[in-house]
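Work through the exercises below with the model open. Each task is followed by its solution.

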Amino acid sequence: MTDLSILDLSPLRQGETFKQAVDNTVGLAELAERLDLSRFWIAEHHNVPHLASSATSLLIQRVLDKTSFIRVGSGGVMLPNHSPYIVAEQYGTLANLYPNRVDLGLGRAPGTDQATARAIRRHQDDFAMNFPADIRQLQFYFGRQTDNDKVRAYPAMNSHVPIYILGSSVDSAYLAAEMGLPYVFGSHFAPRFLHQAVKIYRDNFKPSSVQDKPKLIVGINAIVANSDEEAHFLATTHQQFFMNVFTGELSGIKPPVENIADVVPPHILAMVNSMMGCSVIGSPKTVKTQIKQLQTEVQADELMAVSYIYDLEKQHKSYEMLAECSRA
């Protein structure tokens, strides 16, 4: 049995409003809770017209309010965009309102282009270089503060919100290991360094007050259907979504197509398929085999699935079947 979670970006399908995209995210979180999944995370992105996850903490609060027990968090907060103090106040407040349900995944990338990153922080300092120090500052704000502390994030005090290091490179693996924190690898979009980063994390892990042994979560693209053929047909929506990364096209999630080569140029399709290298796509029987193979290679404590399927009903069905596959 493999623990399973969901990562969502609140994508807009063609013709949808931001409100509809957020409602879809809430519905997906409610499904995740019914399936008894481990957690439901929302990713921060900016200046993308077809993603409604910019104000991530607001969406997390919405999901927390509409669910009862599933853990909900950020996948992640892009820390260079934010003051650690404000992050502590926001997520400390959430932790008080929804005890033992809030996660804080942290990334060092801005989650946007450089011009938008400057608009967010309004000056050009390289805050990514402050990432380790900012994490330690957050740990301080979430911990037990004393009367000698001049600056306190009161809603965060003693909340001990769990912190996860997100990454897609070996740098983040070293950092998570050094700090003794759980590590979430973004192999659903950057699989190239997965095996190297996992080995670095485990080999260099130092036990901490929050984690006595490594905890690894691996991101996967997951599309499950009644047959391999149907799953690969549905996956063409996912491929078109990633195509936008390379072409800069600003469109929402598109319907699946019979032949992906008809709509994606060969050189772009090769990059898309490389980007989707860590995927489970197929019938339940096929996906069970794919999960088993992946776990033989990385032995993740948890898999965090992303699924861009145009038809909401089929997306929910895919996650239902994926949950069964993960328990096999």
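**Exercise 1.** How many aromatic pairs does the structure hold?

Solution. The structure holds 9 aromatic pairs. Rings of Phe, Tyr and Trp (its six-membered ring) pair if their centres lie within 6.5 Å; planes under 30 degrees apart are stacked, over 60 edge-to-face, and the rest tilted. The model is predicted: local features need pLDDT of at least 70, side-chain atom pairs count only at pLDDT 80 or more, and totals for chains, interfaces and linings use all residues. Residues are numbered from 1 along each chain as its sequence is written, and side-chain values use heavy atoms, with hydrogens and water left out.

**Exercise 2.** Classify the pair Tyr-85 and Tyr-141, then place its two residues.

Solution. A pair of aromatic rings is described by the distance of the centres and the angle of the planes.
- Geometry: the ring centres of Tyr-85 and Tyr-141 are 5.4 Å apart and the planes stand at 85 degrees, so the pair is edge-to-face.
- Location: Tyr-85 sits in helix α3 (residues 84-97) and Tyr-141 in helix α5 (residues 131-142). They are 56 residues apart, so the pair links distant parts of the chain. Helices (H or I, at least four residues) and strands (E, at least two) are DSSP runs, numbered from the N terminus.
- Exposure: Tyr-85 is partly exposed at 25% relative accessible area. Tyr-141 is buried at 6%. Buried means under 20%, exposed over 50%, partly exposed in between (1.4 Å probe, protein chains only).

**Exercise 3.** Classify the pair Tyr-183 and Phe-185, and find its cluster.

Solution.
- Geometry: the centres of the Tyr-183 and Phe-185 rings lie 6.2 Å apart, with planes at 70 degrees, so this pair is edge-to-face.
- Exposure: Tyr-183 is buried at 0% relative accessibility. Phe-185 is buried too, at 1%.
- Cluster: Tyr-183 and Phe-185 form one aromatic cluster with Tyr-201 and Phe-205.

**Exercise 4.** What do the totals say about the protein chain as a whole?

Solution.
- Elements: the protein chain has 11 helices and 9 strands.
- Radius of gyration: a compact globule of 328 residues would have a value near 20 Å, and the protein chain's 19 Å agrees. The value is taken over C-alpha atoms; the globule rule is 2.2 Å times the number of residues to the power 0.38.
- Box: the C-alpha atoms fill roughly 65 × 40 × 40 Å along the principal axes.
- Burial: buried residues make up 55% of the 328.
- Contacts (heavy atoms within 4.5 Å): among those between residues at least 6 apart in sequence, 73% join residues at least 24 apart.
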